[in-house]
Amino acid sequence: MYIVRFLIVIMLAASALVASAQTSDMGDVRRQKTEKQEQIKRTSSQIDSNKKKINSQLNTLRSIEADIKAQERLISSLNAQLDSINRQVNVVNDSINSINERLAKLRNSYANAVRSMHSHSSSFDRLMFVFSASSFHEGYRRMRYLKQFKKWRERNAAEISDQVKLLEAEKAHLENLKKQKSNNLTAQQRAKLELETQRGQQNDMLAQLRRQEKQLRATLAEQQRQADALDRELDRLIAEEQRRAAEEERRRAAEEERRRREAEQRAAAEARQQQPVAQDEGEVVPPKKEPKEEPQPPRQEETRPVVPTLPPAERTFKGSFASNKGRLLFPVTGDYKVVGTFGQHRHPSLKYVKVNNNGIDIEAQPGAIARAIFDGKVSAVFPQDGYHTVVILRHGEYLSIYVNLSEIYVSTGDTLKAGEAIGKVFSDSDDGGRTILHFEVRKERDKLDPLQWVK
């Protein structure tokens with residue numbers, strides 16, 4: 001009996017130990033699971049942070065590259081102006097030399113003539129010169145000579161005065177050109193120093209990106225995936241709109257045909273009614289019942305953000321969208337710079353990266369408003385992954401597309417005038433408030449270079 005009790009006690013103790021061990025194992029599993037979830041969360045957060053950082057660095061690089069291009073254009077323009085000024089300086093110097101030569105000849109001629117007539121300088125001498133002639137005819141000729149000489153001297157003096165004035169004007173022009181040249185040289189030097197600084201910033205940014213090449217390639221691939229998805233969605237919407245337009249045209253043609261046939265049938269019926277027809281006695285023709293109009297439910301007013309008041313468009317348009325090519329409004333308000341150009345090309349800094357841009361990318365100021373580049377009708381408003389909200393504006397067979405908007409002031413079907421507000425461009429708080437609008441121009445599904453259309 002004692003042994004049995006002992007065995008029971010041992011079994012109970014063993015069971016307690018097993019239960020305790022199982023409880024301990026379950027606690028370890030839960031703790032490991034929690035630690036794993038925390039680790040996954042930290043890794044995901046780190047990846048997201050790295051992605052945002054690389055996006056910001058890429059945008060900064062694009063901005064620096066746009067500044068470099070602008071600085072290079074400025075230097076090129078200054079060089080052209082300096083060449084023009086140098087040519088003008090040479091022309092003015094030649095003109096001054098020519099005027100000096102002409103002036104010297106006039107002055108020498110005038111001095112010689114005055115010396116030759118020095119003996120007839122007084123009125124008495126001139127009279128004696130005339131009356132000392134051997135004949136009346138010779139005296140008359142001497143008198144005419146004196147008059148002609150006087151006129152010549154006056155003309156010569158006037159021409160000398162004019163040449164002196166012209167010389168002074170050319171010298172003043174030369175001084176002005178020299179000042180312009182000096183200012184341009186100073187501006188050119190500043191531009192070159194600024195360009196050197198920007199290229200240094202570019203090299204620093206490239207060095208940072210190269211240290212994260214794996215993540216950089218992944219980010220660029222993600223950006224291209226989003227761009228391709230946007231392109232497919234735009235193609236789909238445009239194709240759907242074309243299909244609806246074609247269907248509407250078929251319905252319109254069918255409706256016109258139906259109305260034509262009904263008109264023919266009514267005309268035939270009216271012709272038959274004009275003929276005498278025997279009517280049966282007691283026949284009652286029931287009156288036609290007019291169809292009742294079903295009451296329409298009241299329309300609910302759509303709530304929209306308050307549309308900002310934009311200044312009047314700086315130019316007016318006549319004719320069609322196509323006839324104003326190169327004059328259309330720029331799609332954003334305020335200061336801007338183009339940081340992404342149209343078409344397929346190698347990245348200006350990352351040579352192993354091939355860029356395929358269906359439009360242009362415009363870096364604007366925070367708070368910038370996207371505006372209609374020409375009169376048109378809103379054909380679509382939709383959200384898109386990586387681009388916030390997209391608005392398509394139709395101008396006949398052409399379309400303008402505004403991508404990356406955070407606030408929308410229009411709805412599908414709205415008719416807009418050139419310069420009217422479409423929406424607020426998204427400002428990225430994770431990228432220092434950087435504000436970038438992606439903008440496209442298409443002729444139906446054919447992609448066009450927007451910089452050839454807007455100004």
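Two strands are taken to pair if DSSP finds at least two bridges between them. In this predicted model, that criterion is met by β6 and β7, which pair in the antiparallel sense over 7 bridges.

## Strand pairing around β6

Within the pairing of β6 and β7, Pro383 stands opposite Thr389 in β7. The two strands form a hairpin with 3 residues between them, and in this hairpin Gly386 takes a positive phi near 85°. Strand β6, which covers residues 376-384, is also joined to strand β9 (residues 415-416) by 2 bridges, and these two strands run antiparallel. On that side, Lys377 stands opposite Thr415 in β9.

## The chain as a whole

The chain has 4 helices and 13 strands. Of its 455 residues, buried residues make up 31%, while the chain exposes about 30700 Å², of which carbon and sulfur atoms supply 52%. When contacts between residues at least 6 apart in sequence are considered, 72% join residues at least 24 apart.

## Ser400 and its surroundings

Ser400 has its place in strand β8, which comprises residues 398-408. Is Ser400 buried or exposed? Its relative accessible area is 0%, and Ser400 therefore counts as buried, the cut-off for that class being under 20%.

Once the neighbours within four places in sequence are left aside, the residues in contact with Ser400 are Ile373, Val391, Ile392, Leu393, His395, Phe439 and Glu440. One of these, Phe439, is 39 residues away along the chain, yet the C-alpha atoms of Ser400 and Phe439 are separated by 7.4 Å. The side chain of Ser400 also makes a polar contact, at 2.9 Å, with the side chain of Tyr402.

## The nonpolar cores

In soluble globular proteins, nonpolar side chains tend to be buried together. Here the largest nonpolar core contains 31 residues, and the members that touch the most other members are Tyr402, Leu405, Ile422, Leu437 and Phe439. Two or more residues of this core are given by each of β4 (360-364), β7 (388-395), β8, β10 (421-425) and β12 (434-443). It is β8 that gives the most to this core, with 4 residues.

A second core, separate from this one, has 13 residues and includes Leu230, Leu237, Ala380 and Ile401.

Which residues surround Leu437, neighbours within four places in sequence being left aside? Leu437 is in contact with Pro331, Val332, Ile360, Asp361, Ile362, Ala370, Tyr402, Val403, Leu405 and Val425. Among these, Tyr402 and Leu405 are also listed with Leu437 as core members that touch the most other members.

## Salt bridges, chiefly along helix α4

Side chains of opposite charge can pair when their charged atoms come close. A search of the whole structure finds 29 salt bridges, and three that lie within helix α4 (residues 213-273) are set out below.

| Salt bridge | N to O distance | Separation in sequence |
|---|---|---|
| Arg244 and Glu240 | 3.8 Å | 4 residues |
| Glu255 and Arg258 | 2.3 Å | 3 residues |
| Glu257 and Arg261 | 3.1 Å | 4 residues |

The separation amounts to about one turn of the helix for Arg244 and Glu240, for Glu255 and Arg258, and for Glu257 and Arg261.

How accessible are the residues that take part? Arg244 has a relative accessible area of 41% and is therefore partly exposed, and Glu240, at 26% relative accessibility, falls in the partly exposed class as well. In the next pair, Glu255 is partly exposed with a relative accessible area of 26%, and Arg258 is partly exposed with 37%. Glu257 counts as partly exposed at 29% relative accessibility.

Beyond these pairs, salt bridges that share partners join Asp231, Asp235, Glu440, Arg442 and Lys447 into one network. Glu440, a member of that network, is also one of the residues in contact with the buried Ser400.

Notes
Residues are numbered from 1 along each chain as its sequence is written. This is a predicted model: local features need pLDDT of at least 70, side-chain atom pairs count only at pLDDT 80 or more; totals for chains, interfaces and linings use all residues. Side-chain values use heavy atoms; hydrogens and water are left out. Buried means under 20% relative accessible area, exposed over 50%, partly exposed in between (1.4 Å probe, protein chains only). Contact means heavy atoms within 4.5 Å. A polar contact is a pair of N or O atoms within 3.5 Å; within protein, one must be able to donate a hydrogen and the other to accept it, and residues adjacent in sequence count only if both atoms are side-chain atoms. A nonpolar core is a set of buried Ala, Val, Leu, Ile, Met, Phe, Trp, Tyr and Cys residues joined through side-chain atoms within 4.5 Å. Accessible areas come from the Shrake-Rupley method with a 1.4 Å probe; for residues, only the protein chains shown count as cover. A salt bridge is a side-chain nitrogen of Lys or Arg within 4 Å of a carboxyl oxygen of Asp or Glu.
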